[in-house]
Amino acid sequence: MKTSMKLSKSGCLTIPKNMRVRLGWKTGMSLDISAATDGSLTIRKHAEICRFCGSTQNLVYYRDLCMCRNCTDSMLQAVKEGEI
Ligand SMILES: [Zn+2]
């Protein structure tokens, strides 16, 4: 599915309704946007990642902080050993 559109003066871009419906994207949902060096832009449904290592596996949450189990264990170990 491909279409061409113009960017507004303020940098806004409206994703066509048929694409939003196909992808299951709803108003207000969070999206992740990344720019590549080849000039392309990738927009994906937001995915939680570990704040420390970027992993998407075995995530746990503490207040507003998202981190993976490995980083949690490393942090606990550092606290036990008096490093932090
Ligand atoms: Zn991690």
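User: Two strands count as paired if DSSP finds at least two bridges between them. In this predicted model, which residue of E4 stands opposite Tyr-61?

Analyst: Let's start with the two strands. E3 covers residues 59–62 and E4 covers residues 65–68, and they pair in the antiparallel sense over 4 bridges. Within E4, the residue standing opposite Tyr-61 is Cys-66.

User: Which residue in the turn between E3 and E4 has a positive phi?

Analyst: E3 and E4 form a hairpin, and 2 residues lie between the strands. One residue in this turn has a positive phi of about 55°, and its name is Arg-63.

User: Is Cys-68 buried or exposed, and why?

Analyst: Cys-68 lies in strand E4. A residue is called buried if 20 or more other C-beta atoms lie within 10 Å of its own. Cys-68 has 20 such atoms within 10 Å, so Cys-68 is buried.

User: How far apart are the C-alpha atoms of Cys-68 and Cys-53?

Analyst: Setting aside neighbours within four places in sequence, the contacts of Cys-68 include Cys-50, Ser-55 and Cys-53. Along the chain, Cys-68 and Cys-53 are 15 residues apart. In space, the separation of their C-alpha atoms is 8.0 Å.

User: Now for the other hairpin: how many bridges link E1 and E2?

Analyst: E1 spans residues 31–35, and E2 spans residues 41–45. Ser-34 stands opposite Thr-42 in E2. The two strands pair in the antiparallel sense, and the number of bridges is 5.

User: Which residue in the turn of that hairpin has a positive phi?

Analyst: There are 5 residues between E1 and E2. In the turn, a positive phi of about 90° belongs to Gly-39.

User: What is the distance between the end C-alpha atoms of helix H2?

Analyst: H2 runs over residues 69–80, which makes 12 residues. The expected span is 1.5 Å times one less than the number of residues, so H2 should span 16 Å. The model agrees, with the end C-alpha atoms separated by 16 Å.

User: How many residues of H2 are buried?

Analyst: H2 is hardly covered. Among its 12 residues, the count of buried ones is 0.

User: Which residue with a positive phi follows H2?

Analyst: Here we look just past the helix. The phi there is near 80°, and the residue is Gly-82.

User: Finally, how far apart are the centres of the two domains?

Analyst: The chain is divided into domain 1, residues 1–47, and domain 2, residues 48–84. Taken over C-alpha atoms, the separation of their centres is 31 Å.

Terms used: Residues numbered from 1 in each chain as written. Predicted model: local features only at pLDDT ≥ 70, side-chain atom pairs only at ≥ 80, totals over all residues. Domains from an automatic or database assignment. Contact = placed C-beta atoms within 7 Å.
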